[in-house]
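Reader: I'd like a close look at one part of this protein, the aromatic pairs and what surrounds them. Can you walk me through it in one go?

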Amino acid sequence: MNPVERVVQAFADHFDGRPAFIVQAPGRVNLIGEHTDYNDGFCLPMAIDRATWIALRPRDGTVSVQALDMNDALTFGLDALPRDTAAWGRYVTGVAWALQENGYTLSGWEGVLRGDVPIGSGLSSSAALELAVARAFAAVSGFAWDARRMAQIGQQTENRWLGLQTGIMDQLISANGVAGHALLMDCRALSLSPVPLPPGTAVVVMDTKTPRGLVNSAYNQRRAECERAAEVLGVPALRDASPADLERAADRLDAVVFRRARHVITENERTLRAAGAMGAGDADELGRLMNASHDSLRDDYEVTSHTLDTMVNSARRQGGCLGARMTGAGFGGCAIALVREADVAPFMANVAREYEQSTHLTPDLFVARPAAGAGLVEPAA
Ligand code: GLA
C-alpha cells in the first residue's frame with residue numbers, strides 16, 4: 001500500500017467510511033544556506049518525497065486525531081485548546097491556536113495522521129506536521145490556502161506556542177516546495193525562486209542516527225551571538241554586512257561572535273553562488289560550495305558533531321561524490337551528499353559500511369527527490 005492508501009484504510013478502520021479530504025505536507029533538506037534564515041539571509045532548501053499525511057472529514061467544533069505512528073489519539077474543542085498534550089499533539093493544538101489568533105474561523109474535523117519523515121533527525125518532521133494540520137483546517141473550514149501565510153502560522157506555532165525560536169525556512173519550504181527543484185529563499189522578502197537540481201545528480205540523505213543534543217539552547221545562543229554581531233556592526237541583520245564590514249569591525253567583536261558572523265556572512269555569499277551554479281547546471285561548483293558550507297559550520301559556527309563530521313568525511317572520500325555537508329540545525333541528525341546518479345548505489349553501501357565501522361552506529365541512507373509542497377491529495381480511485 002502506498003502512503004495515501006494507508007491513511008485511507010486507517011481512516012476506514014477508525015471512523016468508518018471514506019475521508020472527505022486527504023492532505024500532505026513534506027519534510028525538507030537544505031542544500032546550503034544554514035543558520036542564515038534568522039539573519040534575514042538566503043537559504044536553498046528542497047521539499048523531499050517524505051511527508052505527513054492526514055485523511056479527514058469535517059465534524060462539529062471538535063478535533064479528533066489518531067496518530068498512527070505514535071499509537072496515540074487526541075480530542076479537543078476548538079474553544080478550549082489543551083496545553084498538556086503529548087509532544088506531537090502540541091503541534092496540532094498550536095496550529096489551531098495560531099490560526100485562530102490570526103483571525104481564521106475554524107471548523108472541527110476527525111482524521112488519521114501518519115508520516116515517514118524521520119522524527120528528530122533534522123528533516124523538519126515538525127514543519128511537515130504543522131503544514132499538514134494547517135492544510136487540513138483550510139480544507140474543512142473552507143478558507144483559501146495562502147502558502148506563505150500558512151508558513152508563518154507554522155513558525156508562530158513554534159515561536160509562541162512551543163517556545164522554540166526557529167526561523168522561517170522549514171515551514172516556507174514545506175508549504176511551497178516545487179517538484180524537481182530547490183528554492184532559493186530570501187528570508188527577508190520571503191521571496192522564492194525555483195532552481196533545478198543539476199542534471200545527472202542525486203541528493204543522498206545520510207542520517208547519523210544520533211539525537212540532536214542541546215539543540216534548543218545552543219540554537220538560541222547562536223541567534224543571540226548573531227544579534228550581538230549585527231548590533232556591533234550597526235546593521236539591522238547580518239544579511240546587511242559584507243566580509244569587508246566584518247574585517248573592519250574585527251577588533252570590536254569578541255572572537256567567538258566574530259566567527260559566528262563570519263559563517264553567516266560567507267554562507268549568504270555561498271548560497272547565492274550555489275543558486276547561480278545550479279541555474280548553470282554546474283554540479284561541481286555546487287558540490288564545492290556545499291563542502292565549504294560544512295567546514296564553516298564545523299569551524300566557525302560550531303554546530304556539527306563527531307558523527308556528522310565522520311559521515312561527511314566518509315562521503316567525500318567516495319567516487320562520484322561532488323560535495324557533502326550537514327543539513328538543518330546540526331548537533332546531530334542528518335547530513336546530505338550531492339552524488340552522480342551512476343555512483344549512488346556504491347556510494348551508499350560504502351558510506352554506510354565506513355560509518356558503522358568507525359562509530360558502531362547503523363546509519364540510514366536514502367535518496368531524496370525534490371517534491372511539491374503542502375496540498376490536497378487525490379485519493380486513489
Ligand atoms: C532549523 C530551524 C530553521 C533554520 C535551521 C538552520 O531547521 O528550524 O529555521 O534556522 O535550523 O539553518
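Author: Here's a tour of the ring pairs, then a helix, the cores and one acidic residue.

Quick housekeeping: this is a predicted model, where local features need pLDDT of at least 70, side-chain atom pairs count only at pLDDT 80 or more, and totals for chains, interfaces and linings use all residues. Numbering starts from 1 along each chain as its sequence is written, and side-chain values use heavy atoms, with hydrogens and water left out.

Rings of Phe, Tyr and Trp (its six-membered ring) pair up if their centres lie within 6.5 Å; planes under 30 degrees apart are stacked, over 60 edge-to-face, and the rest tilted. That rule gives 5 aromatic pairs. Take Tyr38 and Tyr219: their ring centres sit 5.3 Å apart with the planes at 65°, so this pair is edge-to-face. It bridges distant parts of the chain, 181 residues apart, with Tyr38 in the loop between β1 (21-30) and β2 (42-43) and Tyr219 in helix α6 (residues 215-233). Helices (H or I, at least four residues) and strands (E, at least two) are DSSP runs, numbered from the N terminus. Both Tyr38 and Tyr219 are buried, where buried means under 20% relative accessible area, exposed over 50% and partly exposed in between (1.4 Å probe, protein chains only).

Next come Tyr104 and Phe143, with centres 4.5 Å apart and planes at 45°, so they count as tilted. Tyr104 is in the loop between α2 (87-101) and β6 (108-115) and Phe143 in the loop between α3 (125-141) and α4 (147-161), so the pair ties together parts 39 residues apart in sequence. Tyr104 is buried at 14% relative accessibility, and Phe143 is buried at 16%.

Back to α6, the helix that holds Tyr219. Its buried residues include Val215, Ala218, Arg222, Cys226 and Leu233. The buried residues of α6 pack against α7 (243-248) and α8 (255-279), contact being heavy atoms within 4.5 Å. Right after α6, Gly234 has a positive phi of about 70°. At the start of α8, a side-chain oxygen of Asp254 comes within 2.9 Å of the backbone nitrogen of Val256. Gly281, which follows α8, also has a positive phi, near 70°.

Now the cores. A nonpolar core is a set of buried Ala, Val, Leu, Ile, Met, Phe, Trp, Tyr and Cys residues joined through side-chain atoms within 4.5 Å. The largest has 51 residues, and Ile54, Leu99, Trp109 and Phe137 touch the most other members. Helix α3 gives the largest share, 9 residues. Leaving out residues up to four places away in sequence, Phe137 touches a list that includes Leu99, Trp109 and Phe143. Another core, of 43 residues, lies apart from this one and has Ala249, Phe258, Val303 and Phe347 among its members.

Last stop, Glu34, which is in the loop between β1 and β2. Glu34 counts as buried, at 1% relative accessibility. Its side chain makes a polar contact with the side chain of Arg325 (2.9 Å); a polar contact is a pair of N or O atoms within 3.5 Å, and within protein one must be able to donate a hydrogen and the other to accept it, with residues adjacent in sequence counting only if both atoms are side-chain atoms. Not counting residues up to four places away in sequence, Glu34 also touches others, among them Met169, His263 and Glu267.
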